[in-house]
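Trainee: Could we go through this model together before I write my notes?
Mentor: Yes, let us put it up and take it piece by piece.

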Amino acid sequence: PLPPRTLARLLPVAQKLSQADCEDHAVAAMRFVLSALEVSWPAVVQALRSVATPKAIHDACEEAVQRVASLSTCIRAMSRSVRLSRGSNGPLVPTCR
């Protein structure tokens with residue numbers, strides 16, 4: 001798993017890539033985020049729940065939580081502008097609203 005501080009620093013980079021014009025970059029960024037969260041998020045949650053967590057690690061975990069919240073907001077906003085085609089991993093199709 002990634003250390004919380006590293007995860008917190010990588011999430012804004014992935015967020016910027018997820019907004020890239022190149023669909024391949026955006027998809028790769030989202031796949032990275034999913035993979036990183038699957039591996040690293042349980043340790044972040046456990047550290048936040050533990051009273052014995054050192055302050056530096058606790059602060060890094062809090063930063064990671066804030067970055068994930070920011071990424072979630074960005075994803076929600078982007079989800080209004082594109083939709084997935086009927087295929088399970090099909091291309092993104094712009095929607096006009």
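**Helix α1 and its surroundings**

Mentor: Helix α1 (residues 4-18) has 15 residues, which at 1.5 Å a residue should span 21 Å, and its end C-alpha atoms are indeed 21 Å apart, so the two agree; the expected span is 1.5 Å times one less than the number of residues, and helices here are DSSP runs of H or I with at least four residues, strands being E runs of at least two, numbered from the N terminus. This is a predicted model, in which local features need pLDDT of at least 70 and side-chain atom pairs count only at pLDDT 80 or more, while totals for chains, interfaces and linings use all residues. Residues are numbered from 1 along each chain as its sequence is written, and side-chain values use heavy atoms, leaving out hydrogens and water.

Trainee: Which residues of α1 are buried?
Mentor: Pro 4, Leu 7, Ala 8, Leu 11, Ala 14, Gln 15 and Ser 18 are, where buried means under 20% relative accessible area, exposed over 50% and partly exposed in between, with a 1.4 Å probe and protein chains only. Their cover includes α2 and α3 (55-79).

Trainee: And Met 30, where is that?
Mentor: Met 30 sits in helix α2 (residues 23-49), and it counts as partly exposed because its relative accessible area is 21%. Beyond its neighbours within four places in sequence, Met 30 is in contact (heavy atoms within 4.5 Å) with Ser 18, Leu 71 and Ile 75. Ser 18 is 12 residues from Met 30 in sequence, with 6.3 Å between their C-alpha atoms.

Trainee: Switching topic, how many salt bridges are there?
Mentor: There are three, a salt bridge being a side-chain nitrogen of Lys or Arg within 4 Å of a carboxyl oxygen of Asp or Glu. One of them pairs Glu 63 with Arg 5 at 3.5 Å, N to O, and this pair links distant parts of the chain, from helix α3 to helix α1, 58 residues apart.

Trainee: What else does Glu 63 pair with?
Mentor: Glu 63 also meets Arg 67, at 3.1 Å, N to O, and salt bridges that share partners join Arg 5, Glu 63 and Arg 67 into one network.

Trainee: Where is confidence lowest?
Mentor: In strand β2 (residues 92-94), with a mean pLDDT of 57, whereas α1 has the highest, at 95; pLDDT is the predictor's confidence in each residue, from 0 to 100. Where pLDDT is low, the predicted coordinates should not be read in detail.
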